[in-house]
Amino acid sequence: MEVYEDLLNWARGQDIELHGIEPRPLSGRGIGVVSTKSIKENEVLLRVPTSALRTAKTVCKKVSSKLPTGSRVHGLLAADIILNPSPKYKQWNAVMPSREDVWASLPLTWNRRLHELLPRSARERLRKQETKFERDWTAIKQAFPDSKISRNDYLYAWALVNTRTFYYELNGNSKLHKDDRLALQPVADLLNHHDSEGCKVDFESDDCTITSTRAYAPGDEVYICYGNHGNDFLLAEYGFVLPQNRWDEVCLDDAILPKLSARQKEQLDEVGFLGNYMLDSNGVCYRTQVALRLICLPLNEWRRFVDGEAGAGGGDAERQQQEEVDRKLVHLLRKYQDMIRNTVERIKDSEVGQPCQRDLLCLRWTQIQSLMEKTIEKLDV
Ligand SMILES: C[S@@+](CC[C@H](N)C(=O)[O-])C[C@H]1O[C@@H](n2cnc3c(N)ncnc32)[C@H](O)[C@@H]1O
């Protein structure tokens with residue numbers, strides 16, 4: 001297709017090298033990168049010179065000079081995209097997802113009534129994003145009071161930066177705030193995410209290289225890994241979930257916190273174990289074990305567990321306590337599953353937002369249900 005050819009011609013002009021890969025539209029994933037030949041492990045597939053990156057340093061002076069000193073690079077890059085539509089980036093911009101695509105998938109752009117129907121971890125991430133976005137948008141309005149840029153124009157650019165920047169660590173930028181070591185990277189920003197078979201990404205002072213970590217047959221999709229993220233994170237930050245995700249986890253706070261008295265919450269807070277109760281494919285985390293023990297064991301037994309003394313006596317007593325804790329967990333998970341079923345019904349009955357947004361929400365809740373079901377089966381109490 002013409003846009004891809006234009007992008008590749010433009011990329012060559014920027015000294016970007018592609019070896020045995022090309023961008024291609026892929027069902028349900030926008031554009032992705034596929035191999036055009038057999039590739040072996042440890043081959044450099046893409047080289048992007050540092051000069052082709054968009055960073056805080058490349059933001060047009062007319063834009064950056066008006067924004068407060070100390071503005072974060074995320075806000076600056078978004079401002080540059082929307083306020084400095086330089087022809088320099090025409091071919092790159094032409095392959096960015098459309099506003100409709102971004103609006104369909106990214107919760108930050110959804111109707112707020114749908115936000116309430118997100119799982120807790122995704123909702124909490126979203127709150128943080130909203131705070132950052134509002135801070136950046138306020139700065140733009142103040143710096144460019146006469147600009148015709150609307151909130152949604154800026155939100156679109158901000159969302160592109162959110163979903164497409166690379167985090168990079170170099171000697172030259174080690175003094176920068178962690179949030180400012182971000183760069184937009186042409187062609188590399190077309191690589192989709194995989195939880196376990198991503199290519200190696202290396203930033204050096206001259207370039208960034210993407211190297212295969214396994215063999216590929218022609219036509220295989222080539223991925224990178226955006227990080228060890230669960231699906232709530234991916235949903236909130238990138239607008240998609242993986243069908244299988246080894247890093248997936250569920251926050252059980254909505255199942256456990258309501259079962260704690262005010263006094264029990266204080267006690268957990270005193271020892272640093274209030275909230276953030278997580279479940280993954282290996283079971284519940286230690287924090288959850290602590291909270292469940294407070295609910296179902298005598299206080300002195302709970303204290304022994306928190307102080308690391310439980311187990312000294314060993315044997316049957318320990319096993320019985322663990323069984324009691326597991327029974328409690330299964331009971332709470334079942335109750336939480338009922339709540340989830342209600343949430344899914346509410347989403348299905350709702351006409352808020354777009355059908356694809358509601359489908360994505362339902363899919364996520366279904367994944368959570370199945371992770372909990374597997375845990376219940378494993379506990380077998
Ligand atoms: C860095 S871009 C990757 C290129 C993107 N697919 C495009 O069309 O430009 C990140 C976005 O790609 C999509 N994406 C990445 N990995 C995905 C995956 N495994 N499944 C579905 N969508 C994915 C999400 O929309 C995400 O916000």
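**Ligand contacts, strand β9 and salt bridges**

In the ligand site, a backbone N or O atom of R29 is placed 2.7 Å from a nitrogen atom of the ligand. The structure described here is a predicted model. A backbone N or O atom of I31 likewise lies 2.7 Å from a ligand nitrogen atom, and an N or O atom in the side chain of N192 is found 2.8 Å from a nitrogen atom of the ligand. Of the 560 Å² that the ligand exposes when taken alone, 87% is buried by the protein. The ligand is surrounded by 16 residues, of which R29, I31, R164, N192 and Y238 come nearest. By class, this shell comprises eight nonpolar, five polar and three charged residues. Helix α8 (151-164) and strand β7 (192-193) each contribute at least two residues to the shell.

Strand β9 (residues 207-211) is mostly covered, with five of its five residues buried. Burial extends to both faces of β9: D207, T209 and T211 lie on one side, C208 and I210 on the other. Strand β9 pairs with two strands in the antiparallel sense, namely β4 (residues 44-49) over five bridges and β8 (residues 200-203) over four. In the pairing with β4, P49 stands opposite D207. In the pairing with β8, V201 has I210 as its bridge partner. The connection from β8 to β9 is a hairpin of three residues.

Across the whole structure, 30 salt bridges are found. One of them joins the side chains of E134 and R151, with an N to O distance of 2.2 Å. Because E134 belongs to helix α7 (residues 120-143) and R151 to helix α8, this pair ties together parts that are 17 residues apart in sequence. Both partners count as partly exposed, E134 at 32% relative accessibility and R151 at 36%.

In the salt bridge between R263 and E270, the closest N and O atoms are 3.8 Å apart. Here R263 is partly exposed, with a relative accessible area of 43%, whereas E270 is exposed at 58%.

A further salt bridge links the side chains of E301 and R304 at 3.1 Å, N to O. These residues are three apart in helix α13 (residues 299-306), so about one helical turn separates them. E301 counts as buried at 19% relative accessibility, while R304 is partly exposed at 25%. In addition, R120, R123, E124, D253 and D254 are connected in a network of salt bridges.

Definitions and conventions:
Residues numbered from 1 in each chain as written. Predicted model: local features only at pLDDT ≥ 70, side-chain atom pairs only at ≥ 80, totals over all residues. Heavy atoms only, no water. Buried < 20%, exposed > 50% of the residue type's maximum accessible area, 1.4 Å probe, protein only. Pairing = 2+ DSSP bridges. Near = heavy atom within 4 Å. Polar contact = N/O pair within 3.5 Å; in protein donor to acceptor, adjacent residues only side chain to side chain. Areas by Shrake-Rupley, 256 points an atom, 1.4 Å probe, with all protein chains shown as cover. Nonpolar A, V, L, I, M, F, W, Y, C, P; charged D, E, K, R; others polar. Salt bridge = Lys/Arg side-chain N within 4 Å of Asp/Glu carboxyl O.
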